Amino acid sequence: GCSLSSLRDLQLEGAWDMELRLGNSRSTSAFSFIDPAAPTLHGYPARLERDSDSFLLETQYRTAGQLTRHVYAGCRAPSAEQLEGPFARCAVGGSSAVQGTFVAKRVRRLPGEAEAQSFTLLGEIGFPGATTADVFVSGTLAYVVLFTDGAAIVDVTNPAAPALVARIPADNDYWNAVWVKDQTLYLASAEEGVIFYDVATPTAPVLLGAVPGGAINVHTLFLDGNTLYAMSPDPVTDTLIFDVTQARTPVLRSRFRAPDADHHADRFPHDATAFAGRLYVNHWASGLIAVDVSDPTRPSELGRFVYPSATSHASKVGSFGGRTIVFEGGESWDAHLRVLDATDPASIAEIGAVSLRPEVSIHNLELRGSRLYVAWYQDGLRAFDVSVPASPTAIGYFNTWRESDPGRGASFYEGAIGVRAPGDGRVYVAETERGLLI
């Protein structure tokens, strides 16, 4: 069923995002021809074989002593910048192997767009060699998480010249999210749960401890008043609820675990937002789960919203005209923004949506009044007027992603990844390669 002759017009340039299909499951990845002489696949150096009617791209890499090989074959090119075909992945010398199909599209700036509309870049600061994950702003300081490279504290008093104040090493850990309360810095750790520092003296952060103790992966955080929620996808797929009235001494109050939680089936808490006594947990394949947390010691599920091939990743919640509205984003190929009426949590209904294109995913959201800011990976920062929630209106953008930046095309998940709007007239964006943009 292939159309090999269509491969002749394929233009192998730039960065490409992919959807991988394996039976009923799907995942995402990327490859790159930004340097035609040195293509990459999944971020690893790749070898390309190509003539007028064939395409074969392969890579191999070793992790934990195991050599893994990936091979992608071109079957058809519906356009010069789209490729489809089969792929295989195997553990060399082992028995595990998977086969499926892929769709790949070149990533470019959306047609007709300039660098920015309605936004002005005031300043930025990079972290060479590190990948940026998240940002939180408190006063004149921005706290930036850098995955395996720890965290950075940045003075943003002068947004035109943000200045590095301190770096905190991750010490063989993986940090993904950040929050600050009463000069206490909370970090989501893949190894130790919630790590917290005294940052009263920003130039010299002091490690205070980690909760709840033992080996546990906390992926994201959300602070609501004196309650800190920590979403843990493994080993037991819990949302941890801490009392942080005394910011430097977090106390575990309870844990919420969805009845069908199963990390191996991709039903786990990824992120959450608290609003008016409820916690809205983005529970990946289980969709969005509304939880009663009016008594933090006894959380209970109120209802959920599930959609086909759900990858419920992030959300923000507000009150509009007496209704509780959730803005929800998935993180996958064809992910888009959903607007949900959750006034009755037992009957959550979709009332609107915004989609840009299937090959670029949403990551994080920020709601301030009737403005919604979205970190939309390669499509950068997006702003919407949501005063009429069912009909979000685009009011601005800033294209943070540039194909010419080093490291592009290595991952499906690159570009604008984190966003905060603290109310100082600025929007702070964590950009995977560029760092912090203001």
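This report looks at a four-stranded sheet and the second largest pocket in a predicted model.

## The sheet

Let's start with the strands. Four of them, in the order β17-β18-β19-β20, make up an open sheet, and the pairing is antiparallel. At the edges sit β17, covering 175–181, and β20, covering 206–211. Each of these edge strands has a pairing partner on one side only. As for twist, neighbouring strands in this sheet are turned by 25° against each other on average, ignoring direction.

Strands of a sheet are held in pairs by backbone hydrogen bonds, and the pairing can be parallel or antiparallel. Zoom in on β17 and β18 (residues 184–189): these two run antiparallel, with five bridges joining them. If you want a spot to click on, try V178, which stands opposite L187 in β18.

## The second largest pocket

Now for the pocket. How much space lies in the second largest pocket? About 400 Å³. Its lining is made of 24 residues, and the closest to the pocket centre are F119, L381, G425, R426 and V427.

Which elements give two or more residues to this lining? They are β34 (371–375), β35 (381–385) and β36 (393–398). Of the elements, β36 has the largest share, with three residues.

## What the lining is made of

Sorted by class, the lining of the second largest pocket has 14 nonpolar residues, along with six polar and four charged ones. Among the residues closest to the centre, you'll find F119 and R426.

Notes: Residues are numbered from 1 along each chain as its sequence is written. This is a predicted model: local features need pLDDT of at least 70, side-chain atom pairs count only at pLDDT 80 or more; totals for chains, interfaces and linings use all residues. Side-chain values use heavy atoms; hydrogens and water are left out. Two strands pair if DSSP finds at least two bridges between them. Axes are lines fitted to C-alpha atoms, for helices over the stretch in contact, and angles run from 0 to 180 degrees between N-to-C directions. On a 1 Å grid over the protein atoms alone, a cavity is a set of points where a 1.4 Å probe fits but cannot get out, and a pocket is an open set with protein on both sides within 12 Å along at least five of seven lines; lining residues have an atom within 4 Å of a point. Grid points are joined across faces, edges and corners, and a volume is the space filled by probe spheres set on the points. Ala, Val, Leu, Ile, Met, Phe, Trp, Tyr, Cys and Pro count as nonpolar, Asp, Glu, Lys and Arg as charged, and the others, Gly among them, as polar.
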